[in-house]
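Please look through the sequence and the 3D structure shown here before reading on. The report that accompanies them is meant to be read with the structure open beside it.

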Amino acid sequence: MVEDKDRPGFFKDYHRAVRKAISNDQFNEFSKLKTNDDRIRFCFSLPAIHDIDIKPYFRGKSEKEALEKKEAGNKCFGRKNNLEALRLYSQAVVKAPVPSEESADPKKMTMYAICLANRSAALYHLREYHYCVKDIDEALEHHYPKELKYKLYKRKARLLSHMKQHVEARDAYRQALKWLDWAKMEREKRIEHQTDIQKWLKMYETGKVVKNWDIPECYIEHPPVIPELTGGRNERFLSASKKIDIHYDNNMGRYAVASEDIEPGDVLVTEQPFASVLNREEFGSHCQKCFKTTKAPIPCKKCSSVLFCSVECRQSSYFHTIECPILDLLVGSGMSINCFLALRLVTQKPVSYFLDMKEKLNEEDLKEITNNKEVYDPSDFMRLYNLVCHSQFRTAEDLFHRCVMIVFLIKALKKTKYFDGKGSSSGDKINDVELFIGSLLLRFLQIVQFNAHEVSEFYLMSPRSLDGSKNETLGAAIYPTLALFNHSCHSAQVRYFSGQQVITKAIRNIRKGEIVPENYGQSFPSKNKIQRKAELADRYWFECNCEACQNDWPMYKDMDTSTMRFKCHKCHGPLNVNTEQLLNPFIKCEKCGDQTNILSTLKNLQNTEQTFKGACKEMETYNLEKAEALLIENLKQLEACLYPPYRDYHLTQEAYMKVCLCQGNIRIKQPKTEE
């Protein structure tokens with residue numbers, strides 16, 4: 001959980017060398033330490049832990065590479081291959097040095113602005129008007145050559161007219177007229193441009209501008225749709241529905257319970273993460289801040305490793321200003337995404353934020369947190385801080401391994417501006433502020449193990465088609481409310497994401513007072529009980545005793561279609577029936593003794609088959625709203641008749657989950673561009 005087993009890196013050898021260098025007596029001394037402060041202080045005192053050369057390491061900018069990509073983009077643009085031109089211009093934008101106040105002569109650094117302007121032209125022809133305007137604004141902010149500015153302002157004005165932003169369009173035309181004086185062109189050409197611009201300005205001033213232009217719906221940027229919580233927002237647990245309550249007991253810890261009856265389709269949780277980290281493999285295609293796919297990426301001003309979807313996301317990513325100079329060092333260490341997430345919990349806030357919180361960081365009674373009437377705000381740092389970390393159950397080897405990682409991370413942070421005068425100047429010394437941050441990092445690294453969730457997107461092989469679609473991981477995040485839900489191998493909800501925000505919907509009925517579980521990645525239809533219990537015990541340190549494990553439910557491939565568990569008409573207890581040997585339709589309930597005539601239930605099951613087929617047809621035509629309604633109806637029909645496990649029930653749940661995934665992050669496979 002500290003190193004990424006699928007990625008090579010130097011940390012594994014570093015940890016092995018440090019561990020080998022200490023004696024048994026020293027390790028016994030470490031194993032007796034009780035606090036994170038003492039553990040980190042001990043590790044910092046080891047000579048071997050300083051046998052590593054920590055230096056800033058990141059991929060910088062290159063005007064030469066930017067020029068090469070720009071020229072290649074120009075060739076594609078000239079051949080009207082706008083998709084390939086967009087790709088190459090984006091690479092040029094990422095590689096081009098970004099002018100700043102620290103630049104020797106920022107007015108000479110025009111490559112970044114020129115690449116943006118060229119990309120805006122490709123975006124215009126691809127009818128990506130939203131991004132086109134954004135690129136024009138960014139180019140104008142970064143020393144675009146004054147003799148060419150009139151072109152950008154004219155393009156911007158026309159776009160804004162299309163977008164019905166007429167006041168802004170008029171202002172852009174005025175700027176175009178102003179900068180036309182700087183343009184290098186023949187007198188006749190200048191007069192032609194002046195006449196055109198003045199014509200538009202006159203139309204705006206007389207109110208005769210054409211106002212019926214429109215942009216096709218598919219080219220308008222829409223904010224993500226976040227559904228309303230069913231029953232309204234919970235007054236205590238702000239990210240959850242009113243149908244959810246959180247309980248506590250000594251064996252189960254905190255867990256979610258239905259405060260009202262829950263039905264398939266109910267929206268149970270919508271929550272922003274406290275912190276999130278993008279997978280390294282997605283750095284070239286997704287925004288570091290919001291996880292949105294980057295159609296026209298905005299780069300970091302210093303490095304060429306990460307992308308943002310907008311200037312706004314770049315400006316609000318304080319964490320990257322800290323991580324930027326050491327990012328490739330961290331990636332090269334081979335540390336796991338859990339380590340990146342623990343680090344992000346620190347780097348997204350300045351050190352002063354944590355110093356101000358220091359007095360509040362006392363252990364709280366988890367029972368009191370859930371049983372009192374205090375509001376559980378997932379953006380409250382104390383909610384994150386008090387998630388379980390199970391330090392008391394950790395071995396000395398586990399803690400030592402994590403402490404070596406924390407020392408490495410503190411040494412790396414000392415090479416950034418994070419401590420900003422509050423840290424020690426010596427690489428092999430640690431002061432009280434660094435020790436405090438290291439102690440937090442060690443706690444976070446333990447919290448993340450049990451409380452992090454994957455963030456995903458749904459990958460479509462072609463537009464409006466579910467054939468070959470699959471769910472793919474984008475990164476990891478920590479959701480303080482969702483972390484309170486316990487696991488079941490028979491999950492009650494599906495998770496999907498809009499950017500980083502998680503949404504969960506119920507996929508089966510849950511009666512008032514019953515536990516509302518989610519799934520930690522081990523599901524009974526795809527893995528047998530031995531596999532599930534072993535993996536859950538290894539990762540989450542608990543023995544699963546959910547209904548599927550207690551009754552050893554079969555995997556999907558082993559489900560017997562001839563045996564069904566009908567519901568008693570009186571007590572709703574299970575009636576085990578072999579339908580192939582059914583002679584008498586009256587089945588006696590072992591629980592209450594009453595007899596149930598299952599003929600009507602068998603007829604209802606035939607109706608569910610027709611409902612499911614109808615839902616599948618709607619999915620084939622990508623009519624997801626109708627498909628969702630039919631699948632919810634089908635789930636309710638099956639719930640009224642049968643107990644799981646049952647093949648049709650599982651297939652309906654799988655189809656419904658797929659429809660839900662389509663409502664969140666979606667990425668469509670891009671067609672290959674032709675030269």
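The sections below go from the whole chain to its cores, then to a sheet and a cavity.

## The chain as a whole

This is a predicted model, and the chain in it contains 24 helices and 16 strands. Of the 675 residues in the chain, 51% are buried, and the C-alpha trace spans about 100 × 70 × 50 Å along its principal axes.

If one takes the contacts between residues at least 6 apart in sequence, 67% of them join residues that are at least 24 apart.

## Two nonpolar cores

The largest nonpolar core has 106 residues, and those with the most contacts inside it are Phe381, Phe408, Ile437 and Phe444. Helix H18, which covers residues 396–413, gives the most to this core, with 12 residues. Apart from it lies another core, which has 42 residues, including Ala96, Val98, Ala117 and Ile136.

Which residues does Phe408 contact, leaving aside its neighbours within four places in sequence? The residues in contact with Phe408 are Phe10, Phe11, Tyr14, Ile52, Ile54, Leu329, Leu330, Ser333 and Met335.

## His15 in helix H1

Helix H1 runs over residues 11–21, and His15 lies in this helix. Is His15 buried or exposed? Its relative accessibility is 13%, and because buried means under 20%, His15 counts as buried. When residues up to four places away in sequence are not counted, His15 touches Phe400, His401 and Val404.

## A sheet of three strands

In general, the strands of a sheet pair through backbone hydrogen bonds, and this pairing is either parallel or antiparallel. One open sheet in this model has 3 strands in the order S12-S11-S15, with antiparallel pairing. Strand S12 (574–578) and strand S15 (642–643) are the edge strands, each of which pairs on one side only.

Strand S11, made of residues 563–567, is joined to S12 by 5 bridges, and the two run antiparallel. Within this pairing, Phe566 has Leu575 of S12 as its bridge partner, while Met564 stands opposite Val577 in S12. Both of these partners in S12 belong to its covered face, which consists of Leu575 and Val577, whereas Pro574, Asn576 and Asn578 make up the uncovered face. S11 and S12 form a hairpin with 6 residues between them, and in the turn His572 has a positive phi of about 65°.

## The cavity

Rolling a probe the size of a water molecule over the atoms shows where empty space is left. How many cavities of 30 Å³ or more does the structure hold? The structure holds 1 such cavity, and about 30 Å³ of space lies in the largest cavity.

The lining of the largest cavity consists of Ser456, Glu457, Phe458, Asn471, Tyr496, Phe497, Leu661, Gly664 and Asn665. Strand S7 (452–460) and strand S9 (493–498) each supply at least two residues of this lining, and the largest share, 3 residues, comes from S7. Sorted by class, the lining has 4 nonpolar, 4 polar and 1 charged residues.

Note on methods: Residues numbered from 1 in each chain as written. Predicted model: local features only at pLDDT ≥ 70, side-chain atom pairs only at ≥ 80, totals over all residues. Heavy atoms only, no water. 1 Å grid on protein atoms, 1.4 Å probe; cavity = no way out; pocket = protein on both sides within 12 Å on 5 of 7 lines; lining within 4 Å. Points joined across faces, edges and corners; volume = space filled by probe spheres on them. Helix = DSSP H or I, 4+ residues; strand = E, 2+ residues; numbered from the N terminus. Nonpolar A, V, L, I, M, F, W, Y, C, P; charged D, E, K, R; others polar. Core = buried A, V, L, I, M, F, W, Y, C linked by side-chain atoms within 4.5 Å. Buried < 20%, exposed > 50% of the residue type's maximum accessible area, 1.4 Å probe, protein only. Contact = heavy atoms within 4.5 Å. Pairing = 2+ DSSP bridges.
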